[in-house]
Amino acid sequence: MIDFGTLHLPTAEPAAMTAAEWTDWPAHGWMLVASAFILLLFLPETGKLLPSLTGCLARSRGNLEIEHSVSNARSRNHIARAFWLVFLVMADRYCLYAPSFIAPWSEVWLRIGELAGVSAAYLLLRYILHAVLLRIGHRRLHFETRSAVRRGLYNYLICFALLALVSICILCIFNASDGACRNVIWAELALLWLVALVREGQILQSNFSGLTTILYLCGLEILPAGALVVSGLF
């Protein structure tokens, strides 16, 4: 027997339609303006640091060289904080992290606040693991080496943000779908994270055995990244 009094259509808007209407919310427009302002503000400083950042991609010692220069390390920290905000807007726009507990796009500031809280929790967990686990072998690690291991992720965050922004601009020129943009961003994020993992492993391997290096990487990087991925599946 057919029940004509029940609405059988979905009550929520389709994901593609909602994604297309992201810019219709005024708050999102302000977020884009703020992101553009941050990029322009830090563009000269980023350009000066870019040779050192590309050196981190090519070899592990590039991370140590940045930590060895106080001015470069300070500049890197400032740029990483700014690009972290840009990354949050990017993650919100292309729904890179969308578990069920994240607020819908209609609750703009709550949603961006929750994304910031999740990323801050990831960084805090990573910081605690580094503070605890690296203390076990702290006598064998120079201060700059420990800093390169802990803060090397900042170098690759900047590289990822620059690469993703260029990719998004190119994809938008060719009217690529949000799904295509999301897949490209995820691929670039995974690639840069793997590069960061390899470079960090090379730094650790110069001080520890191969097995110890693998155990350190599991505790320092794979555990917090796995916790982030698992939380995104809820």
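Is F160 buried or exposed? In this predicted model, F160 is buried, with a relative accessible area of 2%. I shall use that residue as the point of departure for today's presentation.

Let me turn to the aromatic pairs, of which the structure holds three. One of them joins F160 to F87: the ring centres lie 5.6 Å apart and the planes meet at 70°, and because that angle is over 60 degrees, the pair is classed as edge-to-face. This pair links distant parts of the chain, since F87 belongs to helix α4, residues 70–93, and F160 to helix α6, residues 143–173, with the two positions 73 residues apart. F87 is also buried, at a relative accessible area of 18%.

A further edge-to-face pair is formed by Y97 and F101, with ring centres 6.4 Å apart and planes at 65°. Here Y97 counts as buried at 13% relative accessibility, whereas F101, at 43%, counts as partly exposed.

I return now to the surroundings of F160. Beyond its neighbours within four places in sequence, F160 is in contact with F87, M90, I185, E188, L189 and L192. F160 is also among the residues with the most contacts inside the largest nonpolar core, together with M90, Y94 and I185; that core has 27 residues. Helices α2 (26–58), α4, α6 and α7 (178–205) each supply at least two of its residues. The greatest contribution comes from α4, which gives eight residues.

Finally, a word on Y94, which we have just met in the core. The charged end of R93 sits over the ring of Y94, at 4.7 Å from the ring centre.

Methods:
Residues numbered from 1 in each chain as written. Predicted model: local features only at pLDDT ≥ 70, side-chain atom pairs only at ≥ 80, totals over all residues. Heavy atoms only, no water. Phe/Tyr/Trp six-rings, centres within 6.5 Å; stacked < 30°, edge-to-face > 60°. Helix = DSSP H or I, 4+ residues; strand = E, 2+ residues; numbered from the N terminus. Buried < 20%, exposed > 50% of the residue type's maximum accessible area, 1.4 Å probe, protein only. Lys NZ or Arg CZ within 6 Å of the ring centre and 35° of its normal. Core = buried A, V, L, I, M, F, W, Y, C linked by side-chain atoms within 4.5 Å. Contact = heavy atoms within 4.5 Å.
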